[in-house]
Amino acid sequence: MATTQETTGARTGEQFLAGLRSEERDIWLEGERITDPSSHPKLEGAARSLARLFDLQHEDPETFLMESPDTGQPVSVTHVQPTSRKDLERRRIASKRIADATAGMMGRTPDYLNYTFACFAARSDVWARYGNEEGAANLVAYQKLMRDNDLSLTHTLINPQVDRSVPEAEQAAGEVSLHKVEDTENGILVRGARMLATLAPFADELAVYPGSDLRLQDGKYAICFAIPMTTPGLRFICRDSFSVDRDAWDYPLSTRFDEMDAVVIFDDVEIPQERIFLDGDPQLHTEVITDTHWRAHIIHQAMTRAWAKLEFAFGLGHTMADLTGVNRFDHVQEKLGELWSMLELTRAGVIAAEAGSFRAEDTDDWVPDERSFVALRGLMPKWIPRAIELLQLVGGGGFMATPSKADFANEALRPEIDKYFQARNADAERRTRAYRLAWDFVGSALAGRGELYERFYLSDSFRMTALAYVLADKEHPTELVEQFLRDE
Ligand SMILES: Cc1cc2nc3c(=O)[nH]c(=O)nc-3n(C[C@H](O)[C@H](O)[C@H](O)COP(=O)(O)OP(=O)(O)OC[C@H]3O[C@@H](n4cnc5c(N)ncnc54)[C@H](O)[C@@H]3O)c2cc1C
C-alpha cells in the first residue's frame with residue numbers, strides 16, 4: 001500500500017478553512033462577493049462549527065477515521081463503502097457524533113455527500129451500464145479523490161421552480177434548467193441553473209447528480225459531474241444570512257449553524273472529461289439512483305441526523321418544562337412523551353435498517369434495509385415541525401421573557417432581572433439562556449429555515465409518503481385479508 005504525499009488524508013479545521021479562501025469563487029451574499037467565509041461576519045460562525053468537525057476527527061480517530069485503502073492515510077470513516085453491518089454501524093456512530101455536535105441543525109455536514117459518493121462508487125457497475133464505462137471510472141476516481149483529500153462537497157439536484165407542471169425541456173424554452181450545450185475539446189459545456197446548493201460557501205466542490213426522472217427525449221438534461229467551486233462560469237447567489245451578528249449567548253444556534261443555501265448558475269461552464277460521470281442518457285440517469293441503493297444509504301445519514309435533532313428537541317423540552325415546573329402537568333408530560341416517542345422511533349428505525357441490512361445483488365455493497373427509512377422519510381417532514389410546535393406549547397410566553405446578554409450586563413437592570421426572571425430551580429441567567437436556546441430552535445429566522453429544510457430537503461412529505469405506499473410489500477398484508485375471503 002503506497003502512501004502518497006499528494007493527498008492530505010483527514011484534514012484539520014484550519015486546513016479546511018484555508019481551502020475555502022479564494023479570490024476565484026463567485027459567491028454572492030446580500031450584494032457582496034465572498035472570498036473568505038471564515039472571516040465574514042455572516043458566515044464565520046458556521047465556518048468555525050464546520051472546522052470544529054474536521055478537528056473532532058483528529059481528537060477521536062477511533063470513532064471518526066479509517067485507513068484509506070489506497071494511500072494508507074487516515075480518512076473519514078463516513079467515506080466507507082460498507083461491506084458489512086459493522087461498517088454501517090461504524091459510520092452511523094461517526095455521523096451521530098457529528099449531528100450531536102451540531103444539534104442536528106446542519107443538514108449537509110460533509111458526511112452527507114460522503115455517503116452518496118461511497119455508495120455510487122461501490123456500484124460503479126450500475127454507472128457503467130449502456131456503454132458508460134468511462135463515466136463510471138471517472139466516478140470511482142473522484143470518490144477516491146474526495147475521500148483521500150477530505151473534500152467538503154455541496155450538491156445541487158433540483159432545477160428552478162419556473163413551471164413545475166411541465167418537464168424541464170418545456171420550461172422557459174428549456175434554457176433555465178441545467179443542460180448540456182455542446183461537446184468541447186476537453187469535455188462538455190453546460191448552461192442553466194439549479195435551485196439550491198446548501199453549504200455552498202463552505203464547500204470545496206459542487207456535485208450534480210440526478211434529482212428527478214427525465215423523459216427519454218430529454219438527454220441534454222441528463223448530466224452528472226463534480227467540479228471545483230472555483231470553476232469559471234460557476235456563480236452562487238445565497239439567500240439572506242440567518243446568522244446573527246450577536247454574542248452566542250443571545251443566539252446560540254444562529255451564531256453557529258447557518259449552513260447557508262444558494263442558487264447555482266452555470267454560465268457556460270466547461271466540465272472536464274475526467275469529471276463527467278454521466279452524459280446524455282436519461283434511462284441511466286434514473287437507474288443510478290434506484291439501482292445503487294442510494295436511497296437506503298443517504299437516508300441512513302439523514303435519519304441519524306434527525307435522531308440527534310429530535311433528541312436535542314426532547315432535551316430542550318424537558319429542560320424548559322423542568323425549569324418552570326410545568327412537567328408536573330400530565331398534558332405537558334404527554335407532549336414531552338410524544339417528542340420522546342418520535343426520537344425513539346427514529347432511533348429504532350435506524351437500528352432496524354442496520355439489523356436487516358444485506359449484501360446487494362452480486363456485489364460487496366452492504367445496504368441498509370430501507371423499509372423503516374422509507375417510512376421515516378415521509379414522516380420526518382411532519383414530525384420535526386410537530387416537535388417545534390410541541391416545544392412552543394411547552395414554553396408558552398417564556399420565549400419572550402428573555403433579556404439579552406447586554407441587559408444582564410447592565411448594573412441598573414440586573415437586580416430586577418435576577419428577581420423577575422428566575423425559575424423554580426434556576427437563576428435568571430440559566431432560565432433565560434435555556435429559553436433563548438429553545439427560541440433559536442423554534443422561532444428565530446434560522447429556526448424557520450430549519451423547519452422548511454426538514455419539510456423539503458428530501459423532496460416533499462406528500463410524494464414520499466405516497467412512495468411508501470407504492471414501495472410497500474403488499475403480499476403478506478393482502479394474504480391476511482384474503483384468508484377471510486376464501487370459502488372454507
Ligand atoms: C432549506 C432547503 C435546502 C435545500 N438544499 C438543497 C441542496 O443542497 N441541494 C439540492 O439539490 N436541493 C436542495 N433543496 C431543494 C429540495 O431538494 C427541494 O426543495 C425539494 O426537492 C422540493 O422541490 P421544490 O422546492 O422545487 O418544490 P416543488 O417541487 O416546486 O413543490 C412545491 C409544492 O408543489 C407540490 N408539487 C410540485 N410538483 C409536484 C408534483 N409533480 N406532484 C405533486 N405535487 C407537486 C409539492 O408537493 C409542494 O407542495 C433544499 C430545499 C430547502 C428548502
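A residue counts as buried when its relative accessible area is under 20%. Ile 298 has 1% relative accessibility, so Ile 298 counts as buried. The model is predicted. This briefing covers a four-stranded open sheet, two helices that lie against the sheet, and the surroundings of Ile 298.

**The sheet**
- The strand order is β5-β8-β9-β12, with mixed pairing.
- The edge strands are β5 (153-155) and β12 (276-279). Each has a single partner strand, so one side of each lacks a neighbour in the sheet.
- From one strand to the next, the twist averages 20°.
- Strands of a sheet pair through backbone hydrogen bonds, in a parallel or an antiparallel sense.
- β9 (residues 223-228) pairs with β12 in the antiparallel sense, over three bridges.
- Ile 223 has Asp 279 in β12 as its bridge partner.

**Helices on the sheet**
- Helix α7 (residues 133-148) packs on the sheet and touches β5, β8, β9 and β12. The direction of α7 makes about 150° with that of β12.
- Helix α5 (residues 111-122) lies across β5, β8 (205-208) and β12. α5 runs at about 75° to β5.

**Around Ile 298**
- Ile 298 sits in helix α9, which spans residues 294-324.
- Beyond its neighbours within four places in sequence, Ile 298 is in contact with Tyr 112, Tyr 115 and Thr 116.
- Cys 119 is 179 residues from Ile 298 in sequence. In space, their C-alpha atoms are 8.7 Å apart.

How values were computed:
Residues numbered from 1 in each chain as written. Predicted model: local features only at pLDDT ≥ 70, side-chain atom pairs only at ≥ 80, totals over all residues. Heavy atoms only, no water. Pairing = 2+ DSSP bridges. Axes fitted to C-alpha atoms, helices over the stretch in contact; angles between N-to-C directions. Contact = heavy atoms within 4.5 Å. Buried < 20%, exposed > 50% of the residue type's maximum accessible area, 1.4 Å probe, protein only.
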